[in-house]
Amino acid sequence: MSASRIALVTGANQGLGRALVEGLAARLHPDDLVLLTGRNPQRVEDAAREVTQLPGTRARVEGRVLDVADTEVIADLAKELESRYGGVDFVVSNAITRLLPEDSQAARADEFIDVSNTATHAVLRSFGPVLRPGGRLLVVASSLGTLGHLDPRLHHHFENASLDQVEDAVESWRGAIHNGTATQAGWPVWLNVPSKVAQVAAVRAVAAERREHDLATGTLVASVCPGMVDTATSRPWFSDYSHAQSPSQAAVAVLDLILAEDVDPALYGELVRFGRALPWHDGTPPVEQDRIVTP
Ligand SMILES: NC(=O)c1ccc[n+]([C@@H]2O[C@H](COP(=O)([O-])OP(=O)(O)OC[C@H]3O[C@@H](n4cnc5c(N)ncnc54)[C@H](OP(=O)(O)O)[C@@H]3O)[C@@H](O)[C@H]2O)c1
């Protein structure tokens, strides 16, 4: 790994993303650079300034506007970092669209899928090739991302799928929501479940292609589950959030994974929660009436 490291987190002006930036800024070195990215220029600027001023911050922190709904902008940033720094060491795809329990899931589907899935595919495609040896490319998913959370009729879309096939499955889900056939086909109303399964499947697809080379160079591609975190996005969904972690508590296990000296082959390409891989086939489909967050 090069002496000066570059880290980038999406959706990082608040919540878990911001805590990850704070942790990276505290645990990296003064000549390392952490890019705090988000969609809103003012919120990004404010957050970057605040993190820079924290007493524990050691690395340089720079705010960068990155609206992940624009896949060309993702590709451009990856190219820019490659030409300026020769690549990037740590990338965390974390952004999510906030949904409220009273929102119509179908009405918000395009925005939600663009930010969680289309953007994840773009991050994997654009940043995978510019990840330096020894780097980390992580997608923040959730424990809802294991295949068993989907109706068995849908498993074939994501089992041993390539990234193109995951992308096709996501677009067919989106189309089914638009034409009113999603429920009939087995897609749950609650967007978060298929979205998280698709994120984990996308990571598995990319990881399957690069596993051997990455393990030889100490590089990790994986999805992560932070556990239950008390953030503005999750709070409206909790009936009891007394056991939820603060964002900085939840960031610790993810930061440990990012900054671990070695890559555990058992975690490579997997959905990792608190340092352990969650079995891909775990889970049961949600009961639609119980819209309870299971992180
Ligand atoms: N909270 C939990 O209990 C929990 C559990 C499991 C998994 N997770 C996962 O953890 C991740 C972070 O969730 P969180 O709870 O920390 O959410 P959060 O506090 O709402 O943060 C979401 C971030 O994403 C940003 N964002 C939204 N749309 C964007 C776009 N188009 N481009 C760039 N950034 C965008 C938001 O920016 P604005 O400030 O501009 O809106 C915000 O900074 C998500 O992937 C979520 O699924 C969370």
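# Loops, sheet and core

Trainee: Where in the chain is Phe274 found?

Mentor: This is a predicted model, in which local features need pLDDT of at least 70, side-chain atom pairs count only at pLDDT 80 or more, and totals for chains, interfaces and linings use all residues. Residues are numbered from 1 along each chain as its sequence is written. Helices (DSSP runs of H or I, at least four residues) and strands (DSSP runs of E, at least two) are numbered from the N terminus. In that scheme, Phe274 belongs to the loop between strand 7 (271–273) and strand 8.

Trainee: Is Phe274 buried, exposed or partly exposed?

Mentor: A residue is buried if 20 or more other C-beta atoms, placed from the backbone, lie within 10 Å of its own, exposed if 12 or fewer, and partly exposed in between. Phe274, which has a positive phi of about 50° although it is not a glycine, has 15 other C-beta atoms within 10 Å, so it is partly exposed.

Trainee: And Asn160, is that residue buried or exposed?

Mentor: Asn160 sits in the loop between helix 5 (155–158) and helix 6 (163–179), and Asn160 too is a non-glycine with a positive phi of about 50°. Because Asn160 has 10 C-beta neighbours inside 10 Å, it counts as exposed.

Trainee: Which strands stand at the edges of the sheet?

Mentor: The sheet is open, has eight strands with mixed pairing, and follows the order 3-2-1-4-5-6-7-8. Each edge strand has a single partner, so one side of it is left without a neighbour in the sheet, and these strands are strand 3 (60–65) and strand 8 (276–278).

Trainee: How are the side chains of strand 1 arranged, and with which strand does it pair over four bridges?

Mentor: In a regular strand the side chains alternate between the two faces of the sheet. In strand 1 (residues 6–9), Ile6 and Leu8 point one way while Ala7 and Val9 point the other, and all are buried. Strands count as paired if DSSP finds at least two bridges between them; strand 1 pairs in the parallel sense with strand 4 over three bridges, and, over four bridges, also in the parallel sense, with strand 2 (residues 33–38).

Trainee: Which residue of strand 6 is the bridge partner of Leu137?

Mentor: Strand 4 and strand 5 pair in the parallel sense over five bridges, and there Val91 has Leu137 as its bridge partner in strand 5. Strand 5 (residues 131–140) and strand 6 (residues 220–225) are likewise joined in the parallel sense over five bridges, and in strand 6 the partner of Leu137 is Val221.

Trainee: What angle does the direction of helix 4 make with that of strand 4?

Mentor: Helix 4 (residues 109–127) packs on the sheet in contact (C-beta atoms, placed from the backbone, within 7 Å) with strand 4 (88–93) and strand 5. Axes are lines fitted to C-alpha atoms, for helices over the stretch in contact, and angles between N-to-C directions run from 0 to 180 degrees. On that basis the angle is about 170°.

Trainee: Why is strand 5 described as largely enclosed by the rest of the structure?

Mentor: The description rests on how many residues of strand 5 are buried. It is largely enclosed because the buried residues number seven of the 10.

Trainee: Which residues does Leu99 contact beyond its neighbours within four places in sequence?

Mentor: Leu99 lies in the loop between strand 4 and helix 4, and it is buried, since 20 other C-beta atoms lie within 10 Å. Leaving those sequence neighbours aside, its contacts are Gln105, Arg108 and Phe112.

Trainee: Which helix gives the most to the largest nonpolar core?

Mentor: A nonpolar core is a set of buried Ala, Val, Leu, Ile, Met, Phe, Trp, Tyr and Cys residues joined through C-beta atoms within 7 Å. The largest one has 89 residues, and Leu20, Val21, Leu24, Val34 and Leu36 have the most contacts inside it. With 10 residues, the helix that gives the most to this core is helix 8 (residues 192–217).

Trainee: What radius of gyration does the protein have?

Mentor: The radius is taken over C-alpha atoms, and the globule rule is 2.2 Å times the number of residues to the power 0.38. For 295 residues a compact globule would have a radius near 19 Å, which agrees with the value for the protein, 18 Å.

Definitions and conventions:
Two residues are in contact if their C-beta atoms, placed from the backbone, lie within 7 Å.
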